[in-house]
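Colleague: Please take a close look at a single part of this model, and explain each term as you go.

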Amino acid sequence: MHHVVIILLGIILLSSTLHYVHGFISCPTLPTATKDSRHYLLTPRPPPLPTPPLNDIDSDLLLTQSFASLTVRELKDLLRQHNEKVSGNKRELVARLGSILSCTKDDIPLEECSISDIQPIVIDNEEELNLLDAYNNMTLKELKNLLRQKGAKVSGKKAELVDRLIEIQVADTESPIDVIDEEWSILQPSISLDNQKLEHDTAREDDIELPCLSGLLFINKPAGYSTLPTKQQLDNPSQPPEYPCLSDSVKNWLYNNPDGRDRIKAAHKEEDKWWKFKLQSVSNDKRKLKKMQKRREKLKAKMDTFQPRPVHRLDIDTSGVVCIALTPYALRAANMLFERKSRIDFDNLDTQDESEIVQKQYVALVERGSEQIPQSGVIKHPIGKVWVEDHNEWACDVSGNGTLPFIRPNQDNASISFVPDTLREAVTFYQVDEAELNATRVLLRPKTGRGHQIRLHMASSGHPIVNDDMHGDVEEETLSDGRLCLHASNLSIGAWCLDTSRADDKFQSCRVSVKSSPPF
């Protein structure tokens, strides 16, 4: 029986199809990698290894190599067939499947086999033993904070968190990731003060929270950076990321560069002044004072675990302005402003409100199409997710009743439907800037912030963004070196600004505007 198992394991690496003893559970065959593999996370299988002589086969090693060649999704599918846990990183899933086959090979009933208990990492040097001891002495909260700093998942029991941290440390020591030159840059905002002092603007004071300007950092994101860690990075934190992460790179600068540390200190110091100013301004209203004091205490409690974080996202291929919050209050207030921006007043939709507290503008090159694009207009197609083969994709509803998803031109979507409860209203204003030889330059102002909104809206109108290989019909990438020609050029947001002309730390509402020139 043992030799039969070894022979079958040899066939695994040659055929790329798994057949297990006592069950013959077939592993799904991976499709060929697509042109843009980051969106589907599908990669071609490695070539089969040469088969060694039968007596030289290490069955445990062969098993590990076989499972390791699978994706996380395939490993989880196999575990589900055995009604086993599917949580954990890839190493844990491989170990769990190994336990299943070990039980099968030794003729142990699966119900009597302890599969869920993953064996700990084998530690064979003093440095790792010291790490293990240090991590075991930490609290669950401290371990999760370390994992967050490394962009890893924080779910699981304490032993799993310790295991995950050691795995990351070992990978960092043995396979260092090449440091990518930081191509992002800090953008300096321009500031204009409101005509009236904020204490007299009762409507805004009661209804809207504004972040402190010092708590916001504006970054010029290059194309090719993910705004936040990708799913691949979260699932496999020990593996080199496919794309550099803007959030991680900026945090590294803030924590390790003297200028970055000074920036965070200045944000905290100025925000403390703002809280004193705000509490003083409501000192005569006991209800408001108590409410503000309670909110301040809650936010102060988050300071020890808070990490700077982008307030909004840009697609990996999109470049331009990104706003990063440096304090818990700045993140809360800015998030509320961006959420408020996405509320749609259909009665006044055709007139853009220049007084909106958050205003975003993009520049794009779009294909000229078979028909000339109108000089200006508004696109109102709702956006949601559709299930295509084995993954979700963003699509917009061009029918108006949720029955006709649009993903890209010339694709038959008759059999595709929206995932329930994913459709959201989406509105984009556009204006032609100038017509160029092979494309048209347009200015776009999204009223809402849905996934791939601008790309889908322009593609569904017959004028996809140049080099958009997800929602366009790209045959030959000839313009702008093949990069997606979409750039977040302007961001304007309301904020509290310290009036430096006074000696009493008085704050005033202001409008902060940030601009970035497109690279095309």
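Modeller: Helices here are DSSP runs of H or I with at least four residues, and strands are runs of E with at least two, both numbered from the N terminus. On that basis the chain has 14 helices and 14 strands. The model is predicted, so local features need pLDDT of at least 70 and side-chain atom pairs pLDDT 80 or more, while totals for chains, interfaces and linings use all residues. Numbering starts from 1 along each chain as its sequence is written, and side-chain values rest on heavy atoms, without hydrogens and water.

Of the 520 residues in the chain, 46% are buried, that is, under 20% relative accessible area with a 1.4 Å probe and protein chains only. Among contacts (heavy atoms within 4.5 Å) with a separation of 6 or more, 65% join residues 24 or more positions apart.

The part I have chosen is T227, in the loop that runs between strand β3 (216–221) and helix α9 (231–235). Because its relative accessible area is 3%, T227 counts as buried. Which residues does T227 touch, leaving aside those up to four places away in sequence? They are K221, C245, L246, S247, P310, H312, R313, L314 and V322. L314 also offers its backbone oxygen, which lies 2.8 Å from a polar atom of the T227 side chain. L246, another of the residues that T227 touches, belongs to helix α10 (residues 246–256), whose axis comes within 5 Å of that of helix α11 (residues 258–281). To summarise, T227 is a buried residue in a loop, and a polar atom of its side chain lies 2.8 Å from the backbone oxygen of L314.

Key. Buried < 20%, exposed > 50% of the residue type's maximum accessible area, 1.4 Å probe, protein only. Polar contact = N/O pair within 3.5 Å; in protein donor to acceptor, adjacent residues only side chain to side chain. Axes fitted to C-alpha atoms, helices over the stretch in contact; angles between N-to-C directions.
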